[in-house]
Amino acid sequence: MESFTGSLAGQAVDLLRHHELTITTVESCTGGGVVNAITNIPGASEVLQRAFVVYSNGAKIDMGVPVETIREYTVYSMQTALAMARAGLQVALEADISVGITGSISRVDPANTQNSVPGRIYIAVVGVKSGIQITRQREHDFSDQGDREKIKEAAIQAALKMINAVILDIADLQ
């Protein structure tokens with residue numbers, strides 16, 4: 001399949017269009033970077049349902065992340081990333097795929113020093129097709145990537161790789 005740019009975002013848009021799937025994003029530490037990469041690709045409007053930046057704990061809760069998840073595991077956890085992705089599917093009812101991203105980019109959160117590790121990012125991608133749910137989740141340590149901007153870019157690229165993998169997993173179900 002030919003990609004517009006050869007980029008991971010271009011591949012995601014191409015795969016989503018080819019398999020007639022849609023996506024929503026629920027981002028915290030990447031601040032909308034994944035959706036920005038996707039919307040930089042021509043044809044993104046055909047596959048993007050919605051995008052949310054939920055930087056604060058309150059925004060995550062408003063989005064549908066259970067308070068208990070944040071209390072028990074903190075916002076710096078795989079459980080929260082997964083809850084964010086699942087909340088995205090609930091809010092964007094037509095979306096087939098949702099990605100949740102949380103973590104600490106470049107500093108320890110003074111309100112949560114225990115779990116806030118700079119460079120540790122949690123990404124969860126959930127896809128649903130014909131009632132079957134596919135989930136990929138991964139904790140990344142990007143502390144060796146350098147400054148804040150480089151860590152964010154590494155997280156965005158990792159999320160796009162996971163999105164592409166879930167698209168292909170769903171395509172195998174069809």
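## A tour from strand pair to salt bridges

Select I123 first, then its bridge partner in β5, which is R138. The model on screen is predicted.

**The strand pair and its sheet.** Extend the selection to strand β4, residues 120-129, together with β5. These two strands run antiparallel and are joined by 10 bridges. Next, display the whole sheet, which is open and consists of five strands. Reading across, one passes β2, β1, β3, β4 and β5 in that order, and the pairing is mixed. At the edges are β2 (48-53) and β5 (132-141), each of which pairs on one side only. From one strand to the next, the twist averages 10°.

**The largest nonpolar core.** Return to I123 and add I97, L160 and I163: these residues touch the most other members of the largest nonpolar core, which has 36 residues. Which elements give two or more residues to this core? They are the helices α1 (8-18), α2 (33-39) and α6 (148-173), with the strands β3 (97-103) and β4. Colour α6 separately, since this helix gives the most to the core, with 12 residues.

Now centre the view on L160 and show its surroundings. Leaving aside residues up to four places away in sequence, L160 touches L8, A9, V34, A37 and I38. Apart from this core lies another, of 20 residues. To find the second core, select M78, L82, A83 and A92, which are among its members.

**Helix α1.** Two of the contacts of L160, L8 and A9, are also among the buried residues of α1. Select the helix as a whole: α1 is mostly covered, with eight of its 11 residues buried. Besides L8 and A9, the buried residues are G10, A12, V13, D14, L15 and L16. What do the buried residues of α1 pack against? Their partners are β1 (23-27), α2, β3 and α6. Following the helix is E20, where phi is positive, near 55°.

**The salt bridges.** How many salt bridges does a search of the whole structure find? There are three, and each can be visited in turn.

Begin with R17 and E46, whose side chains meet with an N to O distance of 3.2 Å. R17 belongs to helix α1, whereas E46 sits in the loop between α2 and β2, so that distant parts of the chain, 29 residues apart, are linked. E46 counts as exposed because its relative accessibility is 51%, over the cut-off of 50%. R17, by contrast, is partly exposed, with a relative accessible area of 32%.

Move back to the strand pair and select E139 and R120, which form a salt bridge with their closest N and O atoms 3.3 Å apart. E139 lies in strand β5 and R120 in strand β4, so this pair ties together parts that are 19 residues apart in sequence. Both ends are partly exposed: E139 has a relative accessibility of 45%, and R120 one of 27%.

Finish at R136 and D169, whose side chains meet in a salt bridge with an N to O distance of 2.9 Å. The pair links strand β5, which holds R136, to helix α6, which holds D169, and the two residues are 33 apart. R136 counts as partly exposed at 35% relative accessibility. D169, at 21%, also counts as partly exposed, because residues are classed as buried under 20%.

Note on methods: Residues numbered from 1 in each chain as written. Predicted model: local features only at pLDDT ≥ 70, side-chain atom pairs only at ≥ 80, totals over all residues. Heavy atoms only, no water. Pairing = 2+ DSSP bridges. Helix = DSSP H or I, 4+ residues; strand = E, 2+ residues; numbered from the N terminus. Axes fitted to C-alpha atoms, helices over the stretch in contact; angles between N-to-C directions. Core = buried A, V, L, I, M, F, W, Y, C linked by side-chain atoms within 4.5 Å. Buried < 20%, exposed > 50% of the residue type's maximum accessible area, 1.4 Å probe, protein only. Contact = heavy atoms within 4.5 Å. Salt bridge = Lys/Arg side-chain N within 4 Å of Asp/Glu carboxyl O.
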